[in-house]
Amino acid sequence: MPIQKYRNVIDQKRKKYNSEKESRSIMSKKNENPSSPHDDRKRISVCKNGPYLVSCEIPLQIKEIRNDSEGYCSTWHELTTFPLQEQYSLCRCGQSKNKPFCDGTHIKIHFDGTETADDAPYLGRADRIIGPTLSLTDADNMCVHARFCMRAGGIWNLTRQSDNPEARDIAIEEAGNCPSGRLVVWDKKSGKALEPEFEKSIVVIEYPPRSEHGPLWVRGGIPVESSDSHVYEIRNRLTLCRCGKSYNKPFCDGSHIER
């Protein structure tokens, strides 16, 4: 895409955002909870063959995955918290010299960011494992290889042993650490998903033990809007490709370690 045409696309998205911002501002003055409309405006827009345009002061951090003493992925460690910005653009092609931010390199390399994602609802493509007190849904084609699910015998065995309080607690923890939302545990008695509470935020994932630069972890139910203005299924946890290699764009499919 020519540079001027690309800039026009970005400008159009920003004008749309600013128009909605002005409308929301008027409405918020009539609302007893002005933070609610502000929160509703947070979104990530996929630019055609370009970056992710992030709107409305969404916090951005870099976190790395750390192993336990046995070599299993077990905890997150915060490396960087960026200053809040009203808007910013995140690299999607994987070639920016200013990662995680876009520097326009996608134009020079003629990046093909065609969106090919399977937009079927999560529960429609997930298998279910039933345990004594928990059930587990697993959409394995969403795996991004964060590997939290392998500790203590694996989340699948832990779910089957969920009448054991320790196994149950670890299963819930492991599912909550699955950044893509591939794995979700459900309380059998209430039927509710046992989800961690996240602020609407974005985390750049790094895994130093294997020199892996992972996806963008989108947390707290932030809407992701396609380049043709379609909003993908809104989820508490999902991951966006930032290496440019995924076959399931804009979402990560683990290709950053396989290709």
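## Exercises: strands and cores

**Exercise 1.** Take Ile 44 and skip everything up to four places away in sequence: which residues does Ile 44 touch?

*Solution.* We're working with a predicted model. Contact here means heavy atoms within 4.5 Å. Go through the neighbours of Ile 44 and you'll find Tyr 52, Leu 53 and Val 54, then Ile 202 and Val 218, next Ile 222, Pro 223, Val 224 and Glu 225, and finally Leu 240.

Now zoom out. The largest nonpolar core has 24 residues, and Ile 44 is among those touching the most other members, along with Tyr 52, Leu 60, Tyr 88, Leu 90, Ile 202 and Leu 240. Strands β1 (43–46), β2 (52–55), β3 (60–67), β5 (87–90), β9 (201–207), β10 (212–219) and β12 (237–240) each give this core at least two residues. There's also a second, separate core of 13 residues, including Leu 158 and Val 185.

**Exercise 2.** What is the strand order in the open sheet of four strands, and which strands sit at its edges?

*Solution.* Read across the sheet: β5-β2-β1-β11, with mixed pairing. β5 and β11 (224–225) each pair on one side only, making them the edge strands. Inside the sheet, β1 and β2 pair antiparallel over four bridges. Val 46 faces Tyr 52 of β2.

**Exercise 3.** Now try the open sheet of five strands: what is its order?

*Solution.* This one goes β4-β3-β9-β10-β12, again with mixed pairing. Its edge strands are β4 (73–81) and β12. On average, neighbouring strands are turned by 35° against each other, ignoring direction. To finish, look at β3 and β4: they run antiparallel, joined by seven bridges. Glu 64 has His 77 in β4 as its bridge partner.

Notes:
Residues numbered from 1 in each chain as written. Predicted model: local features only at pLDDT ≥ 70, side-chain atom pairs only at ≥ 80, totals over all residues. Heavy atoms only, no water. Core = buried A, V, L, I, M, F, W, Y, C linked by side-chain atoms within 4.5 Å. Buried < 20%, exposed > 50% of the residue type's maximum accessible area, 1.4 Å probe, protein only. Pairing = 2+ DSSP bridges. Axes fitted to C-alpha atoms, helices over the stretch in contact; angles between N-to-C directions.
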